[in-house]
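Biologist: Hi! Could you walk me through this structure?

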Number of protein chains: 4
Amino acid sequence: MRRGGGKQTAERDKNRRKRRKRFEVRTDLALESRERIQAEKGDQGVSVREWREKNGAISLTEVRVKNDRGAKTIGKPVGTYLTLEMGQVQDQDDGWREDAADEVAAGLRRLAGQALGREEAGGFPGVHVLAVGLGNPYVTPDSLGPRVLGNLRITRKIAEDGDWPVISGIVPGVMAQTGMETAEILTGIIRETKPDLVIAVDALAARTIRRLGTTIQLTDTGIHPGSGVGNHRHGLTKESLGVPVLAIGVPTVVGAAAIAQDTVAAVSAVLEKGSRTKGVGTWLEHMGEEEQYRLIREVLGPELSQLYVTPPDIDETVKLLSFAISEGIHRAFYGI
Amino acid sequence: MRRGGGKQTAERDKNRRKRRKRFEVRTDLALESRERIQAEKGDQGVSVREWREKNGAISLTEVRVKNDRGAKTIGKPVGTYLTLEMGQVQDQDDGWREDAADEVAAGLRRLAGQALGREEAGGFPGVHVLAVGLGNPYVTPDSLGPRVLGNLRITRKIAEDGDWPVISGIVPGVMAQTGMETAEILTGIIRETKPDLVIAVDALAARTIRRLGTTIQLTDTGIHPGSGVGNHRHGLTKESLGVPVLAIGVPTVVGAAAIAQDTVAAVSAVLEKGSRTKGVGTWLEHMGEEEQYRLIREVLGPELSQLYVTPPDIDETVKLLSFAISEGIHRAFYGI
Amino acid sequence: MRRGGGKQTAERDKNRRKRRKRFEVRTDLALESRERIQAEKGDQGVSVREWREKNGAISLTEVRVKNDRGAKTIGKPVGTYLTLEMGQVQDQDDGWREDAADEVAAGLRRLAGQALGREEAGGFPGVHVLAVGLGNPYVTPDSLGPRVLGNLRITRKIAEDGDWPVISGIVPGVMAQTGMETAEILTGIIRETKPDLVIAVDALAARTIRRLGTTIQLTDTGIHPGSGVGNHRHGLTKESLGVPVLAIGVPTVVGAAAIAQDTVAAVSAVLEKGSRTKGVGTWLEHMGEEEQYRLIREVLGPELSQLYVTPPDIDETVKLLSFAISEGIHRAFYGI
Amino acid sequence: MRRGGGKQTAERDKNRRKRRKRFEVRTDLALESRERIQAEKGDQGVSVREWREKNGAISLTEVRVKNDRGAKTIGKPVGTYLTLEMGQVQDQDDGWREDAADEVAAGLRRLAGQALGREEAGGFPGVHVLAVGLGNPYVTPDSLGPRVLGNLRITRKIAEDGDWPVISGIVPGVMAQTGMETAEILTGIIRETKPDLVIAVDALAARTIRRLGTTIQLTDTGIHPGSGVGNHRHGLTKESLGVPVLAIGVPTVVGAAAIAQDTVAAVSAVLEKGSRTKGVGTWLEHMGEEEQYRLIREVLGPELSQLYVTPPDIDETVKLLSFAISEGIHRAFYGI
């Protein structure tokens, strides 16, 4: 379509992006943010590297958001996002857990080395790591963090000889249970116990169903407001807590709104293919996101942003992944 | 469109119903089945009675499916379905639990009296009730049954003097945990312990989100294949188990497919209102349910029928309702 | 034995007490401390008041330790200790829970009024209470605190209108799980969230088996080092935390050493009654507490002070008492 | 004391044994039964074999009770009892779990081969194993069985191709929760699902504290009345269930009465050593077991046989051992 100079096109793109933003269904995965953005334009301020683990069962993607421009493009803060992708964990053979733990360990060591300004090869002697299990232990897809903490070997107050890192841990609970922001609880604990590094483990919301139980994301950007299954209201970051915060996340839910949005998109595509309805699909797609959004809200009711979609065997998935992650933490810091 | 004769119309209706059937998103609530059916045609073989509890906080609906014709119309087996509806349990004041327990008790006594051929006023002395907590205790929205059982006062083997009913109880687990059909486990236990009545408590799938955590269904038809959050493969009925089976159910999930289907319907309605797109909506609605179904499967992937939608505070809802139900059982059989 | 004037007797008494001290099996109940002391000498600096609740099912004892002399005599810090005693909770009828909750509420209101320097009749509007569930949720007799917190209605961040108190809550976990002293965690949280009052709920060690699951102790002295099932290493008191600390405790275990000590005492008594062995009993009793202690350590091995005795139905007891306590807290602060 | 003839001695021995019997504190470990008996007389009808696992960390003892005479001598039914002993599991390095799982697997394969009359090398293709997790999941030291079942890969209804064994599983709960004997539940299930072999996992009572969390017992004699932490009232044996029953047990408690009995013995020994009290010790030891028993009952109250002693870190011990056992079952039957 030739009409419209470059400026107009840019303007239209901007508006479209803005509208899309408002309508956008949340994802906590940098990988998914980047996939959506990529279609539209070249990444700016974002570098991506992909590779496979030796035996090929796990593929890794590193998204680096290098500056504010990148952050704006991708909608995620500046930092490194390392994503491990595998098939459904429940279909994996027994070696999988070993491989996943190894990759989590390697990723953690690298991010911890950068965050602490140390050579990771040194093994972080004397470093005090505070592990935080975010989420609600009584809601299965939100229980990943508490489960990982339950598996973790806690060594602070037991083995403080300085040759090894020590790990302390807390399961702060969710606001409905505590009446406190997680940030309040952690700020207090950190001031008292002075860890060098926080590792926060959390269940995440993905954009697409096939990510559920197949993906682990490691990042050095901490936890940001609005993220996680429980929708954290405050961030847990180096800025807010005063110590570097690594985050380990596994998508366990998809927002219910995402299902509705995907359905609209699919209907549009179908209409576009029909000879009689050609044009209506495009019209529907561009009917105005406000109208689309209103439509979806109507379908789902005012609880829209609250509801989530999750598979029935999520208990098994969370159990298996929590073991892989706790073993990854053990290997990263205790070398075993 | 040429007006067809009566026969053709009937044929077309039948086909439409058939196609719809295949596409139909599951509900375990007779109330919802009846609502959908009602729009289409007068109920046949189905009687409905509605009333309010004294203080007005709980509304009750009794759907009686009187014969095979009614069963075909509504898609639920012959029997009595009593539904309690209230607002969100978490918004209720403290009297709610008392009221709900009273209504559950009254309903159970009536259904038990009918099932056992006894006067409910007599209080069922000497009757042995086997309470069954269906579902997966480790998946929050599926944990209603196990939670109710955890609250229940079990008296068999303790107080068998014959002046009161005695209750025994079992949490059989789900097939992924046991490798056994629940029906296998219960058949065996029933043959050994010879209860007079089974009360099965289960989490249900509803069709609409606003039913979640607001509704309790009591029925004397037992549990049927395909029902429940975990999709029971075999029925638990008087026919299969040899003793009358009352079922107490609370909808805690909506199938993810329902969200997609509702979205298609909403899109159709929107298109129908637009001058340019008028007709396309109708076309979309009737595009062929196969096509619609294919469309939705595409959106949601092959896990379609597996995924469910649930609210994030489902743990609290399940906890509160499980207390109301266990107290209702206590009042029905122990008179307290 | 006539030799020895008053001074010598006093000296001997002191030594005996000292030795006994070393040997003493721990009790967290002021009531039991006082019972043991009473036999020996008149209470000094300790006042005791006993009464019965209206319907007579619950008996109450208030031990007031008025000064350092009282504290030394009874081995408990200065403050008020209110003890509710009932029969085995599992044998109680349904009214029991109501009565117990009422008494807990009355006691809490009185202690809170004193601690905050307010009229309890005013209902503490605007006061922020931090409830703390001490203990290990995964060890049944130590899970009382976490269970009470699980039942508690948390209102901070939801209802801060100032007409009512607000409650926040935390289950800090035990040191083996966190690598942190509970005092560290709470100090941090209190500095951040500035509660006016802390209520710590904990499982206690009693001296005698018949106290298990029959007793609730309320005190305004907080939690002291060495107390509780998990043997807290640091105190949680107004001095250490900077806000008044009320403690609610239920004895759920008896130290295994207590069983051994009681057995020695019983053997002594038996020997004393035999004509041939008369004298040996006395000898045994006074064989030297060191020797007795050595003897018992030998029997039980070095884990001596670690092991505890608990009844097999402790899960039911903890469940029932946790409901009575959480309802008592609700009534004290929400007036319901 | 006049030297009695052989007959009198035998009579006296028998009486002593009888009295002892009545007084005897229960152990579920054949190893402990045998240790106590050995002191008194040569084993009859009992063979014992001891060896060490390759790397020496685990010692194994096989007690074979060969006939009724052996059964009477040792107080355990005819059959094979294989005991693994290691140090405290919590002090073990990471290889321990592998070694323990290997030994459990080897023992299970041998016992299963004997019970099924098959070559264990063949791997039991097509065999259906019903795993049973006995005990109360809500009482920590009694939760071993349910925990093992929670870790187990259940394959029946998933993989019935006949090349491998299939495992089904059930956690029947305890009588206070179900109002049913475990034997009733299992008889029913077995009749329906027709397993070839039952493996029952249970927490045991030991006689001495140092066995807690250090010992795993495998036997082909099933579960007998009065055994286990929960004191099973009925046996689960080939005779009662109709299929061979292997039992895997870990001692997690010592009866509180054992502590008292040991204390009496220790006091006796001390008295015997004193010049003035010599003779009294012997007298005490033989004061009449009735008197001793009465004495201990008095100390502990009527709950005597109910109370148990357990260490405070039992949650960790049960968790670690449950993994070793479930992995042992996997290796025995799935070869992994």
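Modeller: Sure, here is a chat about one interface and one strand.

Modeller: This is a predicted model, where local features need pLDDT of at least 70 and side-chain atom pairs count only at pLDDT 80 or more, while totals for chains, interfaces and linings use all residues. Residues are numbered from 1 along each chain as its sequence is written, chains are lettered from A and ligands numbered from 1 in the order written, and side-chain values use heavy atoms, leaving out hydrogens and water.

Biologist: How many residues of chain A are in contact with chain C?

Modeller: On the chain A side 25 residues are in contact with 25 of chain C (heavy atoms within 4.5 Å).

Biologist: And how many salt bridges between chain A and chain C?

Modeller: The count is 4, a salt bridge being a side-chain nitrogen of Lys or Arg within 4 Å of a carboxyl oxygen of Asp or Glu. Arg191(A) forms one with Glu192(C), and their closest N and O atoms are 2.6 Å apart.

Biologist: Which element gives the most to that side of chain A?

Modeller: H7(A) does, with 8 residues; helices are DSSP runs of H or I with at least four residues, strands E runs of at least two, numbered from the N terminus.

Biologist: Switching topic: is strand S3 of chain A mostly covered or open?

Modeller: Covered: 7 of the 7 residues in S3(A), 79-85, are buried (under 20% relative accessible area, 1.4 Å probe, protein chains only).

Biologist: What does Leu82(A) stand opposite?

Modeller: Leu218(A) in S7(A) stands opposite Leu82(A), and so does Glu62(A).

Note on methods. Buried means under 20% relative accessible area, exposed over 50%, partly exposed in between (1.4 Å probe, protein chains only). Two strands pair if DSSP finds at least two bridges between them.
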